Amino acid sequence: MLTSRPSERRPAPRPPRRAGGSRPTAVVLLVEDDVGDQILIQEALQSTPGPKRIEMVGDGEEALEYLYRQGRYSDPVLAPRPDLILLDLNMPRLGGREVAARLKGDPAMRSIPIVAFTTSCREEDVAYCYAVGVNSYIQKPTDFDRLQAVLELLERYWLETSLRLPGMS
């Protein structure tokens, strides 16, 4: 669990993604069971520049309901396709390993970047995640300023720099 609180440092705003227009609002799906981590990660993401919509679910089963638009997530306006998934591995009901394997095994979902964002640094977890196609594996920082810096780098890379398959945004 994250333990530090934020500093007052705010990064300088970045220019729009497209010339002459504003960047589209990116959707980040946070799959995290720890409420304290949810709050701190959301706060860190909100403090980074760039328009984004942060959706949060509490475990792997809820993540799959969201992504496959089942139950309360059946409305695409309420459950838009994410541009990035931040995925904890160790969760009740259905863990992040199983979610990653299912999504990366599904042609309709495999283009969504998944970052394993977890406290685990076990070699078996890292190897498994990369073997099933997870795009990046990051151990959660315990310091808020470091968390904010890491999330800003992830945002810059996955939401601003990396190009998407046409029609997959």
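**Figure 1. The open sheet in the predicted model.** In this predicted model, five strands form an open sheet in the order 2-1-3-4-5, and their pairing is parallel. Strand 2 (52-57) and strand 5 (136-139) stand at the edges; each has a single partner strand, so one side of each is left without a neighbour in the sheet. On average, neighbouring strands of the sheet are turned by 20 degrees against each other, direction ignored.

**Figure 2. Strand 4 beside strand 5.** Strand 4 covers residues 114-118 and pairs with strand 5 in the parallel sense. How many bridges join strand 4 and strand 5? The pairing runs over four bridges. To find a pair of bridge partners, start from A116 and look across to Y137 in strand 5.

**Figure 3. Two helices lying across the sheet strands.** Helix 4 (residues 123-132) lies across strand 4 and strand 5. The angle between helix 4 and strand 5 is about 155 degrees. Helix 5 (residues 144-161) lies across strand 1 (26-31), strand 2, strand 3 (84-87), strand 4 and strand 5. Relative to strand 4, helix 5 runs at about 170 degrees.

**Figure 4. The buried face of helix 3.** Helix 3 is made of residues 96-104, and its buried residues are G96, R97, V99, A100, L103 and K104. Why can these residues be said to line one face of the helix? Seen down the axis of helix 3, they fall within an arc of 165 degrees, so they line one face. The cover over the buried residues of helix 3 includes helix 2 (60-67), strand 3, strand 4 and helix 4.

**Figure 5. K140, in the loop after strand 5.** K140 sits in the loop between strand 5 and helix 5. Is K140 buried or exposed? Its relative accessible area is 8%, which is below the 20% limit, so K140 counts as buried. The side chain of K140 makes a polar contact of 3.0 Å with the side chain of D37. Apart from neighbours within four places in sequence, K140 is in contact with E32, D37, D88, F117, T118 and T119.

**Figure 6. F144 in helix 5.** F144 belongs to helix 5. With a relative accessible area of 2%, F144 is buried. Along the sequence, F144 and I41 are 103 residues apart, whereas in space their C-alpha atoms are 8.7 Å apart.

**Figure 7. R93 and its acidic contacts.** R93 lies in the loop between strand 3 and helix 3. R93 has a relative accessible area of 56%, which is over the 50% limit, so R93 counts as exposed. Which residues does R93 contact, leaving aside its neighbours within four places in sequence? They are D59, E61 and E62. The side chain of R93 makes a polar contact of 2.8 Å with the side chain of D59, and another polar contact, of 3.1 Å, joins the side chains of R93 and E61. R93 and D59 are 34 residues apart along the chain, and their C-alpha atoms are separated by 6.9 Å.

**Figure 8. Confidence along the chain.** The average pLDDT of the chain is 86, and 83% of the residues score at least 70. Over residues 6-23, the pLDDT is below 50. This stretch has 35 contacts in the model beyond near neighbours in sequence. Where pLDDT is low, predicted coordinates should not be read in detail.

Conventions: Residues are numbered from 1 along each chain as its sequence is written. This is a predicted model: local features need pLDDT of at least 70, side-chain atom pairs count only at pLDDT 80 or more; totals for chains, interfaces and linings use all residues. Side-chain values use heavy atoms; hydrogens and water are left out. Two strands pair if DSSP finds at least two bridges between them. Axes are lines fitted to C-alpha atoms, for helices over the stretch in contact, and angles run from 0 to 180 degrees between N-to-C directions. Contact means heavy atoms within 4.5 Å. Buried means under 20% relative accessible area, exposed over 50%, partly exposed in between (1.4 Å probe, protein chains only). The arc is that of the directions from the helix axis to the C-beta atoms. A polar contact is a pair of N or O atoms within 3.5 Å; within protein, one must be able to donate a hydrogen and the other to accept it, and residues adjacent in sequence count only if both atoms are side-chain atoms. pLDDT is the predictor's confidence in each residue, from 0 to 100.
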